[in-house]
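Work through the exercises below with the sequence and the model side by side. Try each task before you read its solution.

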Amino acid sequence: MEESDAARVHVAGDVRGQVVVGDHNIVVSATGQSVVTVVGQGQRPSPRPREEIELLPRRARRAVGRESELAFILEGMAADDAVQVHGPSGIGKSTLLRMAAHRLVDERAVDTAAGGTVFIDAGGREPGDVLQDVFEACYDAPGYRPGQAELRRLMARVGIRLILDDLECGPQELAEALDTLPEAAVLFSGAERTLWGEGRTLALSGLPRDDAVTLLTQALARPLRGEEVPVAEALWDVTAGSPQWLLRAATTGGLARPAALAELLTGLLAALTTPERVALVLLRLGGAGGVSDGLLSELVGSGAELSARLTTLGLAEPTGDGFRISHDLAAVRSADREVDAAALADRLSRWVDAPGRSPAQVARDGGLITAVIEAAVEAGAAPAAVRLARAAAPTVACSLRLGVWGTVLDRGIAAAQRARDQHALAYFTHENGVRDLVSGKRAAAGAAFATAGALWQQLGDSGNVAVSQHAQSLCGPGVAPPPDAGLTTPDPTAGDLAGVTPDASSVLGSLPPPDPASAVAAASTAAGQSAGIGLTAKLVIGAGLTAAVAGGTVLNQQSASPDTVPVHVTVATGVIEVTMPGEPEPDCRIEAGATDCTTVVISEEGERGPVTVDPAGPLPEGVSVLYWGCDEGPEAASCTVLADRERSVCVTTTSPDDEAARQACADVTGSPAPRDRAPAEVVADVGRCPEDSAYPVEEEEIPETVRLSDSRYLPSGTAVVGVWDEPEPLFFVGPEGSSCFVTGGATGLRYLEMGSDAGRVSSLLNAGGVVPATLYGCEYVDPAEAYAVTVYPDRGTDCARPLGHDVEQVSTGTPDYHAALVHVPAGDPTLGPDEGSTVELYLYTVLAESEQGHGRSIACSLPDADMCVASLTYFLAQDGERAGMRSADRERMTENVTAFVERYLS
């Protein structure tokens with residue numbers, strides 16, 4: 001690539017590579033600073049579209065069932081919709097996406113016009129790096145990362161089927177990614193729902209009973225014995241069909257009893273061999289991105305085999321080219337605080353520098369590399385941490401993964417400060433400026449170059465001063481160095497390291513020394529220690545909020561620059577022990593199943609991201625997580641934060657034990673007093689609706705009172721009415737003083753309405769199970785069921801949803817039982833002229849060997865979100881019990897309903 005004489009700069013040292021990012025050319029040096037110049041018009045590389053586009057994961061082992069979920073996914077992708085699968089860790093999201101990827105390839109063998117399939121692991125990665133993966137899968141353009149506008153132009157007509165596993169980003173980042181890929185059918189997974197207003201979503205639940213038994217049989221490699229059948233069914237119920245926990249229960253040559261599940265994980269960890277414990281430690285350090293097969297084999301030998309064994313035990317899960325640890329093992333810690341982090345850092349340095357090591361390989365394992373840098377610093381081995389960061393930084397720069405590069409540089413800066421290494425500090429600071437410049441952050445880049453130049457001048461290195469000054473000239477006019485920026489090296493014994501993972505160093509004691517034939521004695525007990533597996537969770541702060549000024553994460557930093565704002569996150573609960581990111585504040589209490597702790601995130605002003613407490617297992621019946629200080633409002637079921645100013649977020653639960661914590665969260669965030677969450681009266685009076693129905697309904701006795709589940713809560717001013725719905729009464733919740741009536745026709749459909757001028761609760765019932773309304777089986781619940789339109793032949797197979805209706809598919813965990821949540825905006829032609837915004841719940845049962853189905857729905861247009869939540873969840877509890885839903889699935893669906901209603905009616 002040619003440059004003008006004015007732009008040409010002499011490069012000292014060993015040149016590692018040359019890349020183009022947007023309009024900038026970067027010459028990366030292995031021993032000196034990178035040199036950046038502006039690419040003139042017409043000098044950017046010309047990417048060539050790939051003739052064959054296909055990037056697949058390994059096939060899922062022990063994949064069973066999920067046919068209805070696969071049908072829903074394939075239907076959505078065939079319609080070029082975005083599809084999100086969301087649910088808790090261990091529920092099978094990754095397995096389902098792998099199954100979908102290979103099913104799409106199989107279908108393409110028949111339909112050659114379909115686009116290629118690209119599967120990408122997005123866990124623990126910035127969205128920009130994920131999009132670069134997509135670009136490279138579709139175009140041949142070595143050493144080129146297009147700018148945002150150019151990337152959108154290049155991807156505008158690329159019609160691929162894109163699958164992104166474990167994509168964690170906020171709604172704004174997600175919308176930008178989808179806008180970049182307008183012709184792609186995108187399937188992605190995540191812990192929380194982030195797709196709103198477009199596309200389709202599937203809340204994934206556990207395996208149905210028969211599939212769970214099949215999985216247990218596969219894990220045991222033999223049929224179940226007679227006495228094991230009831231144990232298997234009990235395990236299915238207790239674990240809510242979680243594939244992860246089912247696998248764990250079938251690893252001892254038989255089936256663990258449900259009562260033994262609480263101690264099962266501790267026993268599994270204690271029984272691991274030394275190499276298995278070492279592999280588990282490495283996977284834990286690798287985080288959401290995991291560790292590649294190749295690096296695992298380098299560090300412990302037979303890495304792929306060891307990780308496959310851990311996967312069989314339900315302790316790890318596969319990624320595209322490696323493995324990652326199961327989410328609920330994030331709290332596993334070593335009791336041995338004596339570590340040899342320096343040895344591991346040096347081994348990784350040699351691995352990075354090995355001949356033939358590609359930038360893509362190093363960037364792939366950036367999560368492990370940055371975690372080891374942190375751990376080495378905390379262990380007092382800052383020079384080894386500097387060496388690893390210095391080896392990795394230029395190689396990762398050539399990978400064009402700016403997110404990983406930024407994290408390595410941030411960790412390198414922290415390590416250099418602790419080691420009092422001014423040369424390394426100047427290098428990392430300059431490289432951070434290069435990254436900021438090519439990312440469009442000119443002011444931050446100018447400040448970094450000025451700081452680096454001052455450091456080089458202090459060191460008497462005029463050549464590198466000139467390189468930094470040249471780079472600063474590209475940032476535009478008005479960029480001045482901050483006074484005395486970066487010239488004071490911190491006391492290496494004082495303060496906390498920014499962004500350090502809790503106890504990252506503690507697990508390193510179980511790693512072998514450079515000689516892979518030997519291992520330290522601490523490995524024999526390291527992975528067997530756990531902070532408890534009953535009620536644990538992890539606080540997850542989304543990438544948008546943690547993209548701080550230098551391109552990385554800053555935690556527990558009490559001061560912010562003019563371009564950043566602090567976000568204070570407090571967790572206060574007496575029923576969950578929550579692992580907090582960063583180093584907890586000195587007065588934090590995380591013990592004995594309770595949490596009272598605050599951490600601080602320094603976020604770039606204007607960034608947005610989720611804040612989530614992600615439980616490792618099911619919470620007690622009737623308990624859910626609540627958030628204050630979020631964009632969704634107080635006492636929300638989910639939390640998104642816009643860092644437009646200093647923010648305070650508080651998290652607790654609905655448990656009666658957390659009543660004081662809920663009040664404290666309201667006080668901390670300046671919110672109204674919490675809702676009264678005292679349990680509803682166990683016995684409620686029941687009114688009866690007059691019925692004028694052409695369909696004959698026998699007079700049956702409606703009880704005068706009904707015993708309501710004590711795990712539910714009713715707002716004040718609630719009334720309960722009952723109607724007969726063969727074979728038993730069905731009860732409805734609505735506001736006191738409402739009018740109520742039931743009508744019906746000869747088709748068997750009956751309609752209930754309970755309401756006033758302010759709004760209404762209405763329900764469509766199919767008393768005889770005769771007429772499967774199109775909106776149940778077609779428009780909303782299950783478009784794949786063709787029989788759903790047979791009663792409306794004039795519609796043919798046209799199942800298009802009404803425009804403007806936001807639909808969330810909800811997995812019930814029950815065979816042949818489907819559910820969907822729907823939002824209908826005010827003014828929609830399907831609503832009455834004065835009816836407001838409406839939320840609806842559709843439930844549909846497929847009847848065996850029949851072209852008919854059984855459907856019920858409930859809708860609420862009341863302005864009181866609490867009343868609508870109560871109406872929909874009581875209806876769900878009754879209908880779900882009739883359909884055979886497990887209590888754990890009903891509780892999970894109750895949380896889905898609550899979050900959906902609060903999003904649209906709060």
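Buried here means under 20% relative accessible area. The model is predicted.

**Exercise 1. Strand β2**

Task: Determine which residues of β2 point one way and which the other way, and whether they are buried or exposed.

Solution:
- Step 1. Find β2 at residues 24–29.
- Step 2. Sort the directions. H24, I26 and V28 point one way from β2, and N25, V27 and S29 point the other way.
- Step 3. Apply the cut-off. Both sets are buried. That is six of six residues, and β2 is mostly covered.

**Exercise 2. The partner of β2**

Task: State how β2 and β3 run and how many bridges join them.

Solution:
- Step 1. Find β3 at residues 35–38.
- Step 2. Follow the chain between the two strands. A hairpin of five residues makes the link from β2 to β3.
- Step 3. Read the pairing. The strands run antiparallel and are joined by four bridges.
- Step 4. Pick out one opposite pair. V38 of β3 faces H24.

**Exercise 3. Strand β10 and its neighbours**

Task: Explain why β10 counts as largely enclosed, then place its neighbours.

Solution:
- Step 1. Check burial. Five of the five residues in β10, residues 161–165, are buried, so the rest of the structure largely encloses this strand.
- Step 2. Split the strand by direction. R161, I163 and D165 point one way, L162 and L164 the other, and all are buried.
- Step 3. Take β7, residues 117–121. Five bridges connect β7 and β10, and the two run parallel. D121 has D165 as its bridge partner in β10.
- Step 4. Take β11, residues 185–190. It pairs with β10 over four bridges, also in the parallel sense. V186 in β11 lies opposite L162.
- Step 5. Trace the connection. From β10 the chain passes through helix α5, residues 171–180, to reach β11. This β-α-β crossover is right-handed.

**Exercise 4. Helices α10 and α11**

Task: Describe how α10 packs on α11, and name residues that meet.

Solution:
- Step 1. Choose the descriptors. Two packed helices are described by the angle and the distance between their axes.
- Step 2. Read both. The axes of α10 (residues 274–286) and α11 (residues 293–300) come within 11 Å and cross at roughly 135 degrees.
- Step 3. Classify the angle. Over 145 degrees would count as roughly antiparallel, and 65 to 115 as roughly perpendicular. The two helices α10 and α11 are therefore oblique to each other.
- Step 4. Give the hand. The crossing of α10 past α11 is right-handed.
- Step 5. List the contacts. From α10 come V278, A279, L282 and L283; they meet L296, L299 and V300 of α11.

Key: Residues numbered from 1 in each chain as written. Predicted model: local features only at pLDDT ≥ 70, side-chain atom pairs only at ≥ 80, totals over all residues. Heavy atoms only, no water. Buried < 20%, exposed > 50% of the residue type's maximum accessible area, 1.4 Å probe, protein only. Pairing = 2+ DSSP bridges. Right-handed = clockwise from strand over helix to strand, strands pointing away. Axes fitted to C-alpha atoms, helices over the stretch in contact; angles between N-to-C directions. Parallel < 35°, antiparallel > 145°, perpendicular 65-115°, else oblique. Left-handed = near helix turned anticlockwise from the far one by under 90°. Contact = heavy atoms within 4.5 Å.
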